[in-house]
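Trainee: Before we turn to the details, could we go through this structure by question and answer, with the reasoning spelled out at each step?

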Amino acid sequence: LMSDPGVFNYKDGDLGREAFRRTAAHQCLTLNGANAARAGKCLQWLEDDGKGNAVLTVENASYPGLTHRRTVFFVQRRWFVFVDEALGDATGDIDLHFQLTPGPAAIDPATKTARTDFADGGNVLVWTDPAAPVTLEPENAWFSPKWFAKEPLPAFRYRRQAGQAPARFVTVVAPYEGQQVPVVTAALDPAPIGVRALRLQVIVGETRQTMERTLP
């Protein structure tokens, strides 16, 4: 089986099932690349915040000394803002992983952005503040289009430079059409990491929104 680089044996470690099951192979936060525990709960779900936005906050006790809290703002049913918080006092590499759809992609560590790069049709941009204390690094990832086959998948991670919790990531995921990449900015109002109330301003193209989270 291993004579063909496009075919893999499920018993061969990283080329097998674990390459697809590990936490880092999903849109998740990791500590030192290790798999996270499954100890999640929903803190809040608002189908409509009164302004046409949905808000979800979940939390997972992922590692000793680190709880991952994620708030997802579904803004105007068009694009997403993620606020990921690593709560606790754990030390090590705190990474936020993303994978794009198979196909052409532009992953730019200088601007800390990544996007699909189809000539026409649907594309998606992943953005974080260029001044954020993170680095963007491409990663190796795979998808399996059929049994016993694998193909490369565009993937990357944001790594927190401080290397210690608490930490916070703010990312915008903005779908768009064709080659006109939207201009995106987003900024949180100053607040300590882990507080129950958050407020942020986000702009995608011509659309400006104020998003808020107040946990019960």
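Trainee: Over the ring of which residue does the charged end of Lys150 sit?

Mentor: Keep in mind that this is a predicted model. The charged end of Lys150 lies 3.3 Å from the centre of the ring in question, and a charge is counted as sitting over a ring only if it is within 6 Å of the centre. The ring that meets this description for Lys150 belongs to Trp142.

Trainee: In what order do the eight strands of the open sheet follow one another?

Mentor: The pairing in this sheet is antiparallel, and the twist from one strand to the next averages 15°. Read across the open sheet, the order is β2-β3-β4-β5-β14-β9-β8-β7.

Trainee: Which strands stand at the edges of that sheet?

Mentor: A strand at an edge has a single partner strand, so one side of it is left without a neighbour in the sheet. The strands for which this holds are β2 (40-46) and β7 (105-108).

Trainee: How many bridges pair strand β5 with strand β14?

Mentor: Strand β5 covers residues 79-88 and strand β14 covers residues 167-177, and the two run in the antiparallel sense. Among the residues facing each other here, Val81 is opposite Val172 in β14, while Asp84 has Phe169 of β14 as its bridge partner. The number of bridges between β5 and β14 is seven.

Trainee: Which residue of β14 is the bridge partner of Trp127?

Mentor: Strand β14 is also joined to strand β9 (residues 122-127), by six bridges and in antiparallel fashion. The partner of Trp127 in β14 is Val172.

Trainee: How many of the 11 residues of β14 are buried?

Mentor: A residue is called buried when its relative accessible area is under 20%. By that criterion β14 is largely enclosed by the rest of the structure, because the number of its 11 residues that are buried is nine.

Trainee: With the side chain of which residue does the side chain of Thr71 make a polar contact?

Mentor: Thr71 belongs to strand β4 (residues 66-75), and its relative accessibility of 0% places Thr71 in the buried class. The contact made by the Thr71 side chain has a distance of 2.8 Å, and the side chain on the other end is that of Thr57.

Trainee: Is the aromatic pair of Phe74 and Phe80 stacked or edge-to-face?

Mentor: A pair of aromatic rings is described by the distance of the centres and the angle of the planes. For Phe74 and Phe80 the centres are 4.5 Å apart and the angle between the planes is 5°. Phe74 is partly exposed at 25% relative accessibility, as is Phe80 at 28%. Since planes under 30 degrees apart meet the criterion, the pair of Phe74 and Phe80 is stacked.

Trainee: What is the angle between the ring planes of Phe156 and Tyr158?

Mentor: Phe156 is buried at 0% relative accessibility, and Tyr158 is buried with a relative accessible area of 1%. The ring centres of Phe156 and Tyr158 are 5.6 Å apart, and the pair is edge-to-face because the angle between the planes is 85°.

Trainee: How many disulfides does the structure hold?

Mentor: Cys28 is partly exposed, with a relative accessibility of 28%. The closest cysteine sulfur to that of Cys42 is in Cys28, 16 Å away, which is too far for a bond. The number of disulfides in the structure is zero.

How values were computed
Residues are numbered from 1 along each chain as its sequence is written. This is a predicted model: local features need pLDDT of at least 70, side-chain atom pairs count only at pLDDT 80 or more; totals for chains, interfaces and linings use all residues. Side-chain values use heavy atoms; hydrogens and water are left out. A disulfide is a pair of cysteine sulfur atoms within 2.5 Å. Buried means under 20% relative accessible area, exposed over 50%, partly exposed in between (1.4 Å probe, protein chains only). Two strands pair if DSSP finds at least two bridges between them. Helices (H or I, at least four residues) and strands (E, at least two) are DSSP runs, numbered from the N terminus. Axes are lines fitted to C-alpha atoms, for helices over the stretch in contact, and angles run from 0 to 180 degrees between N-to-C directions. Rings of Phe, Tyr and Trp (its six-membered ring) pair if their centres lie within 6.5 Å; planes under 30 degrees apart count as stacked, over 60 as edge-to-face and the rest as tilted. A charge sits over a ring if NZ of Lys or CZ of Arg is within 6 Å of the ring centre and within 35 degrees of the ring normal. A polar contact is a pair of N or O atoms within 3.5 Å; within protein, one must be able to donate a hydrogen and the other to accept it, and residues adjacent in sequence count only if both atoms are side-chain atoms.
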